[in-house]
Each structure stands twice: as C-alpha cells, then as structure tokens.
Amino acid sequence: MSQSPEPIERHTLSVLVDNEPGVLARVIGLFSGRGYNIDSLTVSEVSHEGRLSRITLVTTGTPMVIEQIKNQLDRLVPVHRVRDLTVEGTALERELAMVKVRGLGEARGEALRLAEAFRARVIDATRESFVFEITGKSDKIDQFAWLMEPLGLVEVARTGVVAISRGPEAM
C-alpha cells in the first residue's frame with residue numbers, strides 16, 4: 001500500500017526580530033541553506049524605540065517542512081517571536097503593485113475600465129501609457145495583471161505580502 005505524499009501548503013509567517021545589520025541575511029540564509037523557497041518577503045521597522053523589525057514572508061512546503069522552518073526561525077538569536085498567520089486563520093493579507101500599461105485608442109479605454117473595476121488608481125499617465133496602483137490580495141493583483149497583458153502590459157512592480165492578525169492582541 002503506497003502512502004500519498006503530503007500536500008504542499010502556502011503559509012504566511014510573521015517574524016519579530018532585532019533591527020540590526022545582518023539579521024535579514026541570517027533569516028534568508030536559513031532558507032537558502034536548506035533549499036526552502038521564499039515566495040514573498042517584506043521587512044520594515046515596527047518599533048524605533050525597541051529597535052524591532054517585522055519580517056513577513058510567504059513560503060510553501062509540506063506541513064512537516066513548514067514546522068521545521070518555524071522551529072529553525074525561532075532558534076535564531078535575533079528572533080523574538082514567530083507566528084504562523086495561516087494556521088491562526090485570522091490574518092489580513094494585502095499587497096501593493098504598480099502596473100505599467102502601454103496603449104492607444106480602444107486599449108486605453110479598456111485599461112481604464114478594468115482599473116476602475118479593480119479599484120486601481122492612475123498614478124501616472126502619458127499619451128502612450130499609464131501606471132496604475134492597485135492594492136489587495138495577491139490573487140487580485142495576479143488577475144489584474146493577467147487582464148492587462150493583451151492591452152499592453154509593460155511591467156509590474158510588487159511590494160510583497162504584508163499581513164497582520166485580527167483582534168486586539170499585538171504580535
């Protein structure tokens with residue numbers, strides 16, 4: 001009797017770390033040294049007084065691999081806390097993207113209509129192109145970019161996922 005392989009899952013992890021040189025390199029080194037992939041990574045200072053930063057990363061793996069990642073992150077010296085926002089199930093996730101579209105005539109009008117439907121804002125416009133700003137879940141941004149492709153999609157710049165748990169408790 002063969003055993004079915006464990007499913008690959010997508011997890012969003014939030015990691016509170018000391019804001020000091022080399023911390024991000026150590027976190028990334030943990031992933032690359034073990035062959036784990038990072039699908040999205042954002043980092044920002046969250047407490048100037050406390051000299052703390054928050055790393056939000058999205059990764060995929062089997063449940064066992066995700067557990068190993070969390071345990072190994074928790075053991076790094078500059079790490080104060082690791083939370084798996086996917087397991088907690090109460091997280092809000094958003095991403096920001098800038099989408100550049102080249103177009104004339106009918107394609108221009110269609111791009112503007114789609115942008116309105118997706119609540120994307122025009123942040124730059126020339127006679128030949130637009131740059132739209134769009135925020136939302138990653139799949140919404142994927143869909144918007146996919147729909148813009150036949151209209152003249154030039155490039156997309158994305159921030160990566162940021163996430164925060166719901167409710168009154170802090171990380």
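Let me begin with a hairpin. Strand 2 and strand 3 form it, with four residues between them. Within that turn, Arg51 has a positive phi of about 50°. I should say at once that this is a predicted model, and that what follows is computed from it.

The two strands of the hairpin run antiparallel, and eight bridges join them. Strand 2 covers residues 38-47 and strand 3 covers residues 52-61. One position in this pairing is Glu45, which stands opposite Ser53 in strand 3.

Allow me to step back to the chain as a whole. There are five helices and nine strands. Read from the N terminus, the order of elements is β-α-β-β-α-β-α-β-α-β-β-α-β-β. Taken along the principal axes, the C-alpha atoms fill a box of roughly 60 × 55 × 35 Å.

The chain is divided into two domains: domain 1 takes in residues 9-84, and domain 2 takes in residues 92-165. Their C-alpha centres lie 29 Å apart.

How do these domains meet? On the side of domain 1, nine residues are in contact with domain 2, and nine residues of domain 2 take part in return. The size of an interface is often expressed as the accessible area lost when the parts come together. Here, the area buried between domain 1 and domain 2 is about 600 Å². Carbon and sulfur atoms give 41% of that area.

I turn now to the polar side of this interface. Six residue pairs are in polar contact between the domains, counting pairs with both residues at pLDDT 80 or more. The count of salt bridges between domain 1 and domain 2 is one. Which residues form this salt bridge? The partners are Arg10 and Glu93, whose side chains meet at 3.2 Å, N to O.

The hairpin returns at this point. The elements that give two or more residues to the side of domain 1 touching domain 2 are strand 1 (9-18), together with strand 2 and strand 3. The residues on that side divide into two nonpolar, four polar and three charged.

Finally, the salt bridges of the whole structure. A search finds nine of them. One salt bridge pairs Glu67 with Lys70, their closest N and O atoms being 3.3 Å apart. Why are these two residues separated by about one helical turn? Both belong to helix 2, residues 63-75, and they are separated by about one turn because they stand three residues apart in that helix.

That concludes my presentation. Thank you.

Methods
Residues are numbered from 1 along each chain as its sequence is written. This is a predicted model: local features need pLDDT of at least 70, side-chain atom pairs count only at pLDDT 80 or more; totals for chains, interfaces and linings use all residues. Side-chain values use heavy atoms; hydrogens and water are left out. Domain bounds come from an automatic or database domain assignment. Contact means heavy atoms within 4.5 Å. Buried area is the accessible area (1.4 Å probe) that two parts lose on being put together, summed over both. A salt bridge is a side-chain nitrogen of Lys or Arg within 4 Å of a carboxyl oxygen of Asp or Glu. A polar contact is a pair of N or O atoms within 3.5 Å; within protein, one must be able to donate a hydrogen and the other to accept it, and residues adjacent in sequence count only if both atoms are side-chain atoms. Ala, Val, Leu, Ile, Met, Phe, Trp, Tyr, Cys and Pro count as nonpolar, Asp, Glu, Lys and Arg as charged, and the others, Gly among them, as polar. Two strands pair if DSSP finds at least two bridges between them.
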